[in-house]
Amino acid sequence: MANNLLKGKKGIIFGALDENSIAWKTALKVHEEGGTFTLTNAPIAMRMGKINELAKACGTEVIPADATSEQDLANLFTKSQELLGGKLDFVLHSIGMSPNIRKGKEYGDMNYEWYLKTLDISALSFHKILQTCEKQDALNEYASVVGLSYIAAQRAYPDYTDMAQAKAMLESIARSYGQRYGEKKKVRVNTISQSPTKTTAGAGISGFDAFYDYADLMSPLGNASAEDCANYIVVMFSDFTRMVTMQNLMHDGGFSSSGITHNLIERISK
Ligand SMILES: NC(=O)c1ccc[n+]([C@@H]2O[C@H](COP(=O)([O-])OP(=O)(O)OC[C@H]3O[C@@H](n4cnc5c(N)ncnc54)[C@H](O)[C@@H]3O)[C@@H](O)[C@H]2O)c1
């Protein structure tokens, strides 16, 4: 059910790895709603992923960029504006990776080089993208930049380790850069805090299935799917949210406001 919500809007979507990725679902929805965009991912992920299939389905091109490299980002934004024919209206940052989590390190045994890598890939890259946009004056007024977060920014989750700090930083960058960019160019910057979702990044966290099920029981509406998230991102890219900026927007079926639910009580009482 397409409504042309993004007709005439141009942008860049970071982070589509495979069909489970939130960015993948978002690309399909944005395309359906009339938006045009380039796709990007880290060169290594592109070799493993199937992003070219997605590009074909959306009639677009892939421009590789490591989101931690200022040079790659400068090239990506320059080329995207050339290809799409002008300044951009939306950017999705759908990027997360922790070498510590990948290698199964506990929070009391962090490798600090990897810790810094986690912060660089998963949070600082958001600042680098915004700074690249500002330097190139790459965004139109009321453009919308969205990053994806998780409630571990506010609450402790034992196996989310250094990603918790990365998400807290990501949300903080959205506020600080949102203020600056809003004043300068009326650009909007927000994060969406998404339910646990079965993707490559999600499933990499140990105990994921348990906290997926727990969150599902603790959310009156159940967990929000990747597709639900894609729909919300489309709304955030559209003109219907022109005055929303500097927010961390909960997209979690009510999880973050629930103390306990009947579903969970029933499960525990069994
Ligand atoms: N899956 C969940 O449970 C969940 C919940 C809340 C928030 N999120 C967030 O959603 C976002 C998207 O994750 P996903 O769940 O769709 O998983 P995903 O694994 O499909 O996507 C993560 C993406 O990050 C990319 N990436 C990693 N290093 C990069 C780099 N150096 N440069 C550019 N790209 C790089 C990967 O290639 C991949 O495409 C992440 O920020 C994640 O933390 C996920």
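Strands β1 and β2, together with helix α1, make a right-handed β-α-β unit. The model is predicted. This briefing covers strand β1, its partners and the shell around the ligand.

**Strand β1 and its burial**
- β1 spans residues 10-14 and is mostly covered, with five of its five residues buried.
- In a regular strand, side chains alternate between the two faces of the sheet.
- Both faces of β1 are covered.
- Lys-10, Ile-12 and Phe-14 lie on one side, and all are buried.
- Gly-11 and Ile-13 lie on the other side and are buried as well.

**Pairing of β1**
- Strand β2 covers residues 36-40 and pairs with β1 in the parallel sense over five bridges.
- Within this pairing, Ile-12 of β1 stands opposite Thr-38 in β2.
- Strand β3 covers residues 88-93 and also pairs with β1 in the parallel sense, here over three bridges.
- The bridge partner of Ile-13 in β3 is Leu-92.

**Shell around the ligand**
- The ligand has 26 residues around it, and those that come nearest are Ser-21, Ala-45, Gly-96, Ala-201 and Gly-202.
- Two elements give two or more residues to this shell: α1 (22-32) and α8 (200-203).
- The largest share, three residues, comes from α8.
- By residue type, the shell divides into 14 nonpolar, eleven polar and one charged.

**Link between the two topics**
- Helix α1 belongs to the β-α-β unit with β1 and β2, and α1 also gives two or more residues to the shell around the ligand.

Definitions and conventions:
Residues are numbered from 1 along each chain as its sequence is written. This is a predicted model: local features need pLDDT of at least 70, side-chain atom pairs count only at pLDDT 80 or more; totals for chains, interfaces and linings use all residues. A residue is near a molecule or strand if its C-beta atom, placed from the backbone, lies within 6 Å of it. Helices (H or I, at least four residues) and strands (E, at least two) are DSSP runs, numbered from the N terminus. Ala, Val, Leu, Ile, Met, Phe, Trp, Tyr, Cys and Pro count as nonpolar, Asp, Glu, Lys and Arg as charged, and the others, Gly among them, as polar. A residue is buried if 20 or more other C-beta atoms lie within 10 Å of its own, exposed if 12 or fewer, and partly exposed in between; C-beta atoms are placed from the backbone. Two strands pair if DSSP finds at least two bridges between them. A crossover is right-handed if, with the strands pointing away from the viewer, the path from the first strand over the helix to the second runs clockwise.
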